[in-house]
Structure formats: structure tokens, C-alpha cells
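Open your viewer, and let's take a short walk from one side chain out to a whole chain and its partner.

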Amino acid sequence: MPDVLHNNSLIVFLILTAGVAAVVGLFVALTIFLGPKKPNEIKDAPFESGFVSKTDATQPFPIKYYLVAILFVVFDIEVAFLYPWAVSFREIGAIGLTSMVVFIAILAVGLYYAVKKRVLEWK
Amino acid sequence: MSLPEILLRLVLAFGIVVTFVALNALFLVWLERKVSAVIQNRMGPMEVGPIGLLQTMADALKLLGKEMITPTSVDRIAFLLAPIIAFLPAPLLVAAIPIAEGVGASDLNVGAIYLFAIANIAFLGILMAGWSSNNKYSLLGAMRAVAQNVSYEIPMLLAVLTVILMAGSLKLSDVVAAQSPVPFIVFQPIAFVIYLICGVAESNRTPFDLPEAESELVAGYHTEFTGMRFALFFLAEYTQVFVLSAIITLFFLGGWNGPFLPGWLWFFLKTYVMIFIVMWLRWTYPRLRSDQLMNFNWRVLLPLAILNLLISTVLYRGGL
Amino acid sequence: MPLEPESDAPVSEQPSRYLELIERLKKAGASEAAAVDYDKHGMDVDVVVTPQALHDVARLLKSEHFALEAGLGVDRQPELEVLYLFKPYGAGPRVKLRVRTDRDSATLPTLSNVFGGTDWYEREINDMFGITFTDHPHPRPLILPHYTNFHPLRKDFHGAPIVVPDDTVEIPEVDVQEAMKRGQAEGRRDDFFLNLGPQHPSTHGVLRILLHVEGETVLGGRCHLGYSHRGTEKLAEKKQYVQFLPYTDRMDYLSPLNYNWGYAKLLERAAGVESTPRAEAIRLIMAELGRVASHLVWLGTYLLDLGAITPFLYCFEDREQILTFFERVSGQRMMTSYIVFGGVRNDVYPEFVKEISEFVKFERKRLLEYETLVIENEIFLMRTQGVGKISKEQALEFGVGGPVLRGSGIAYDARKDEPYCDLYNELDWKVESDARGDCFARSHVRMNEIVQSLNLIEQALSKLEEGPVRAKVPRIFKVAEGEYYSVTEGPRGVIGWYLVADGSSNPYRLKVRVPSYANLQVVEQLIPGTRVADVISILGSLDVVIPEIDR
């Protein structure tokens, strides 16, 4: 396998994405030709247990979902910092260890705070 | 290497990956039906092909010929793109998984990060599907999917972190090499369990199948999808199961390391045993409720993962 | 032909234990109160009240822990009458409260502010008799479509064309309208209305619940019924007594035999006929098998509602065996019509005893498996414990029955407390109950009830003595003028048959008190504040059969 493919994940990613999208698009297009097309009013209405929906379903998510999203971003970025540290763990020695323990501790305190604040109480 | 040669290899690798994804998903659907049949004391598909092996093939062909309904009130662009985006990561992930020493479409130097980054694209597809359908069940499914997948991502990454710590590399072949002769599951049993739980949760399967909870949300986020579009969600789910099991094999079960048998066989053996376990879970457990799911993650899994990371860091430093 | 209430014996001959209650009722405002012969009429105390005194009398009954069992309308020509049946779940008299209104004004005060459970009964009476209940909290048709303008159970109704308007969009209930308006006024767009059913995997038939949802949280919900209404009660008035039997199978497709039995018992009570000892034992065995089958379906479908698919197939496998017994005994798997007036239709087949006792042994082993694998499962416990709590007071107010009642800590079982079959007293078994009142308590009670039913079957098999299986009964017979009530315990609770006979060979009015009716009604009280998943869990734990409710 050529090096350019091994070491440059962006190129691999882009080429594969384009390829897969093309294949999948082909399949979808194929069913458009193969499948029947007999639309009618009832068939094309959104399913709601056999009833005509009274209210629109495209509406904002309740606020608690945004809270989870923010928490996710906070923790996910912290975890992203941890990955390079884990790889170079052997080289950076005791300083690396202590600083990361402090970092994880802050992470844990933040989690504890969130739990105590009942942010995660999913009601 | 000349440019045509590179292109040829690329096309070849691509063809193999896509064919593998399709065939593997069809096989897994058949396997799931057989596993459930055995668990439920019945036969499962028997009619098409020997012991029903071609049944899923027939089903896929049937879905090709089905009408693709696009409800009038949907957000057309998002609705059209959703199944494609949900399916997209499946082959991209498979392409990055080495199945034996030097065998695989690619072996990236940041393989671990690549896997977790790409896997998350699928949720975007689910969110788009649920939101664009203009269907309340789909919307509820999308809400659940996002909250669930986002939450379970963190303990999952923390669990893998302990493995990366021990391997000292993000390259998948290095991670496997580090597990010779003892696989990481021996040193990191807690991380393994956390990863398994989160992985099942991320692939939206029972007991974590809330986004498509049949008895509550009819079909959740893919209620409005028919024909090939539905099939794409379906295939994506099964490929995700394969990827989940393959990652567990690579990170915890020692990958292709094993005596007597060739490496790739070990790899597939371990992977399919994991797939069987995931299926077994599905046909055994009832479904959790959304608040229980979230509380379990934030109150149990995440603290446990952080604790596990701290302890293994200290232990590892202390000479393990 | 106006019907007079049955003449009563002089007060001095009435059983003394109810005299005090009758006195109290009179003091509270009842215009007439008299004891009735239970053995003949299935009722202990007959009370007539004026609309003005209705509330006071009902409050008295409530303070004495009477439960609402049913509400029904009768067209007395020219007056219209509404009856409320009460029973304290435990020892105590069965009381019927009668209140009349004239045909033209047809207005009565609602009782739903005293007994919440009358809500649906009154709405149904409004559909069927056109009686308006003033101050009713949800004045909306329950069973009939909202555009009908006739009242089918009035005696002067002889059929009318149903004109379906082009625009059949119904007007939502007042509280739904208000909630919608409130949402708009506050600019809050998080909440929406979700139709759960009629085409939904978990509504156990064609039930529609209009849920008011905010994210995952349910703010409230209203049941909409009538999708499988067949007008059985009207049909009964056009059929002869014996001809009506096959219709009783079709009320509840999970326990036809229990319905057969109740109806047979009603006719036997009205005609003064006793069935034979062998028939009684066969009835008991078959009805208990029916209960086991019904509970097995509940177990399977409940787990299906909770997301576990596998138990469903095992439960149906077991039920399949029971249905095979039914088929061999009666020729029919589901619509058996086997328990008939005066006994059972035909004798059982020779290997019956052997096969059933083998099945009982087999089922005991299976139950042990279900208990350890399903009921003790951690996720099952999480999904059921503390969910959908029904308090004792609620249980009485809404008159819930069967395992739902016993799951709220009230150990009432018509088999024990009002034995309609002597064998229930002779055999060794106990009434299961659980005071916790949540979904788990109901599940627990049902699982134990299967064991009790198996005990009963096993013992009854040994009591199966030789003899005729049907008493001598007339082919066509007339029931003497009067009112009769019979109670049997179905898998879902008390099945009550209220018959108003006018001396002819057709019922004048036949009302079926179906257990699911009350059991489902309580759901509207349980769901506010829960999650969508809990609604499914609660609904499943109540084990409702919608066609039974719609009749």
C-alpha cells in the first residue's frame, strides 16, 4: 500500500467518502427506476398512528438536550486532550503524570458539580 | 509508485471494502435471525437457499423494488441525505480496520482517533432523519438518539484511553502488537465492560434501542423511510455492530494474535463471537427508559471510567 | 311498557345486617332503600334517589369505602333511569343506586366529582341514551363518533343512517383546546400533541391516546375509544337469551370462557336452574385454563412493550397448548361458546384429565423460568417498580378490578368473596395481592395468579366425577320480569352482567360490566408527569383488551 494512503488519512477519507456516496446514490437512484411510484394524499402524510397531525413536528428540542450537548462538548474536548498525552505517556514522565492527574481531577470535580446541580437529572 | 498503480490499488481496495460491507451486513442480518430463532425456540428463515442463507439477499432485492415514499411535509434535502449520511461511515470504518498483520485497506497512524471520529457521522444522519421527517415519533427518536449517543461517547473514549495508554500508539497494528502475548482485557476488564456497554448503546440496539423503540415510537427516527432508504439505515446498523465487535477485538481481545490458526481467522473468530454476544444481549433484555439510560451513563459509567483511568495511570506508572 | 322495580319483602324479613346501612342511606337522602334477595337477583340493596340527593348518597357510600363497579342506563319508558352499581371490595352488600330523569329534559347531575370512575360510564350513557350530565368534566362522546345524532339504546330507536360529514375532524376536548391555547399564548413551542394509536404497536387493539408531550415528558393524555364498537348491548335486545351466547365469546378475545360462564350464570340465576357437579368442575378447569392463557398473553405482550421480544414467543408456545385443549374439548380454539346455560355444551374427551395434569406440571416448570429470567431481571424491575402507582382510594374510586385491584393491596376476588361456583370454596388456594400498587405489583400478582390457577386446575381434576354435563333446560325460555346481576372473576377483573328482563324471551336491557373499562380509565390519572415509555409500561401492566371495552 503506498505511503500516501497510509499516512494521509484526509486523502483516504475524501476518496472513500466520494466513492461510497456515489455507490449509495446509485442504489437509491436504482430504486427510483425499479420501484413503483403511486403517490396519494394519505400515503404521503406523515405517520401519526392513523391520524392527521394537528401540530407541526419540526420544532426545537427542549432545553435539557442542549445542556447535555454542552456537557458533551466540555468532556469531549477534555478527552481529546488526553489522547496525545496517553500516546506520549512514557516520554513525559512524572510531570506529565501529575499534571494529567490534576486535569482528570478537575474533570471529575466538574462532573460532581453537574450531578449535584441536578443538571443530569433527566426528568 | 506511479499514479495509475495507486489509483488501481485504491479502486481495488474500495471495491473490496464496499463488497465486504454489503455481504457482511446481509450475512449478519441472516445470523441475527438465526440467533434469535435459536434463542426463541424456532427455526428462523429456511426457505430461500440452504438453511435460509439467501433470505436476506432476497429481502434486499425486494427492497430495491419497493416504492420510495417521500412524504409531502418533509424537509426534502435533509430527508434525501439522511440515509446516505447514516450509511456513509460504515464502509469508511471498515476500510480502516486491519484484519491481520499488514492486511487491510489502510492502517492509519491515527487509526483509533479516526475510528471514533468517523463513527459519529452516523448520528448526524439519524438526527437529520428524525428531524426532517416532520413526524413526532421520528422527532422523539432523534432526540433520544442524540442525547444517548452523545452521552455514551465520553465513557467510551475514556475506556479506550486506558488501552492507548498501555499501547502508547494510536496505530491499530501497534495496539494489537502490544497485546502479544496477553490481550488487554486481562489488564483492563473494567474498560472492556464499559466499552461493550457504550458500544451497544452507540449502535442503538436493545437494551439501548430507544431511538427506534418499536413498541413506543413505532420505528423511531426511520418511521417515514421506505424501500432502499430504509435498507440503508438497516445495513448501517449491522455494519456498526461489526465495527463495534472488530474494535473490541483489536483493542481488548488481542486482534489477530493467537496460536496455531492464521491471524485473519483469529480476528474474524473473535469478532464474530463478540457479534454473537451483542445479538444475545438484544434477544434477552428489555429496553431501558430514557432517564435511566442517561442517569446510568452520567452517574455510573462516566465516574467509573474516570476512576478506571486514574487508577490504571497510577498503576501503569508504578511499573505494571 | 314501563317496568316497575321488583317488589320487595317487608322490611322485617330483610336480612338484618343491611338494615343499618339502609337507614343511613335513607338519612342521607335516599327516597327509597330496600334489601333485595341476593341469591335470586345478585344484588343486596336497591336504592332510589332523586337527582338532588344523588351526591349526598354517593358521598355516604364513598365514606364507607364502597367501590364504583359500573354505571348503566335503562330506558324505562317513558322515563330514563341511570343505575350506579357499588360494592365494597371485601365483605359488604352490593348496592345499586337508581336515579331517574324524564325523557324530554334528560338531564342529571354528574357523579364524576364524587366517583371519578363514573366519567366514562356517564359519557357512554350520554352516547346511548342522550342523557346530559351537567358539570361533566369531559362532555365528549366516548363510544360513538362525534357526528352521530341518535341514541341507539333508547327503545324508540329503530336504526338510522349514519351520515359521515365530509369534514370529520373532531373538536378536541376542552382541556386539550385550553392547553393548545395556553401553549400558543406563552409562546412555548416545546410541547406538542401526539396521537398514540389507533395504529400503534403497543395499544393492544385500537385504542387512541391523545398525549400532551413536552420532549419525553407527558403532561397529560386522554383516551379515545369506540374504534371496535359493535353494539353488542343493542344486539342482545334483539336476540333470544340462548342466541346471545356466541356474542359473549367475542367481547374479550383472550378469555371467552370466562365471559361464557358469567352469562350462563346470569341465565341460571334468572331461571333458577342449577348446573350439574361435573359441569361445574369442567367449567372451573376450563375457565382457569383461560385465565392462565390470558395471563400468558399479558406476560408476553407486556415484555414486548418493554422491548424484550423473546418471552413473547415462549408465552405463546404455552398458550398454544391451552388453545389446543380448547379445540379438542369444544371444537373451537378461541370462540368456544362452551359454557352454556345449564352446564357445558358437551363432555370432555377421554384423555382430558391426563393431558391437563401433564400440562400443569409442564407449565409450573416454565413459570419458574419466567420468574427467574424475566420478572427478576434488573431492567424489568427498573421499568416497573414505582411506575404507575394506583392508590387504594383510586382503585375504589375508579372500580378497577382483577390483578390491577389486587396489585393495589385490596385482596378482593369474586371467586372467593362471591363464589359463583361452590368448588372455589372447597379447593385450597388463596387470593394473591400486593400492596405496592405499581406496575411491578400488578405483574407480580398476575404471575402468582397463574400458579394459583394451576393449583385450582390440579385439584379440580380430581373432583371430576361422573355424571351429566348439562342440566335439563328448555330450548327457548322466558325470564320472569325483574332485574338480575351476576358476577364472575375474569382474568382482568369482575365481569358483571346486568339484566333487565320484561318477561319475554329477549332481554329488555343487558349491560356488561367489563373489567378493562375501569382499568383503562385510571390510566388518564396515572400518566401526567411520566415519560412516553412509562405510558407504554403502564398501559401494558393494566392488561387491557380494547374490543372488550368497546363491546
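**First stop: a tyrosine and its neighbours**

Select Tyr195(B): leaving aside its neighbours within four places in sequence, it is in contact (C-beta atoms, placed from the backbone, within 7 Å) with Met156(B), Ala159(B), Val160(B), Ile248(B) and Phe252(B). This is a predicted model, in which local features need pLDDT of at least 70, side-chain atom pairs count only at pLDDT 80 or more, and totals for chains, interfaces and linings use all residues. Residues are numbered from 1 along each chain as its sequence is written, while chains are lettered from A and ligands numbered from 1 in the order in which they are written.

**Out into the core**

Now add Val163(B): together with Tyr195(B), it has the most contacts inside the largest nonpolar core, a set of 298 residues. Such a core joins buried Ala, Val, Leu, Ile, Met, Phe, Trp, Tyr and Cys through C-beta atoms within 7 Å; buried means 20 or more other C-beta atoms within 10 Å of a residue's own, with C-beta atoms placed from the backbone. Colour helix α7 (residues 136-167) of chain B, which gives this core its largest share, 22 residues.

**The whole of chain B**

Zoom out to chain B and you will find 14 helices and zero strands (DSSP runs, numbered from the N terminus: H or I of at least four residues for helices, E of at least two for strands). Of its 320 residues, 59% are buried. Its C-alpha atoms fill a box of roughly 65 × 50 × 45 Å along the principal axes.

**Across to chain A**

Finally, show where the chains touch: 60 residues from chain A and 70 residues from chain B take part. On the chain A side, select α2(A), the source of the largest share, 18 residues.

Conventions: A residue is buried if 20 or more other C-beta atoms lie within 10 Å of its own, exposed if 12 or fewer, and partly exposed in between; C-beta atoms are placed from the backbone. Two residues are in contact if their C-beta atoms, placed from the backbone, lie within 7 Å.
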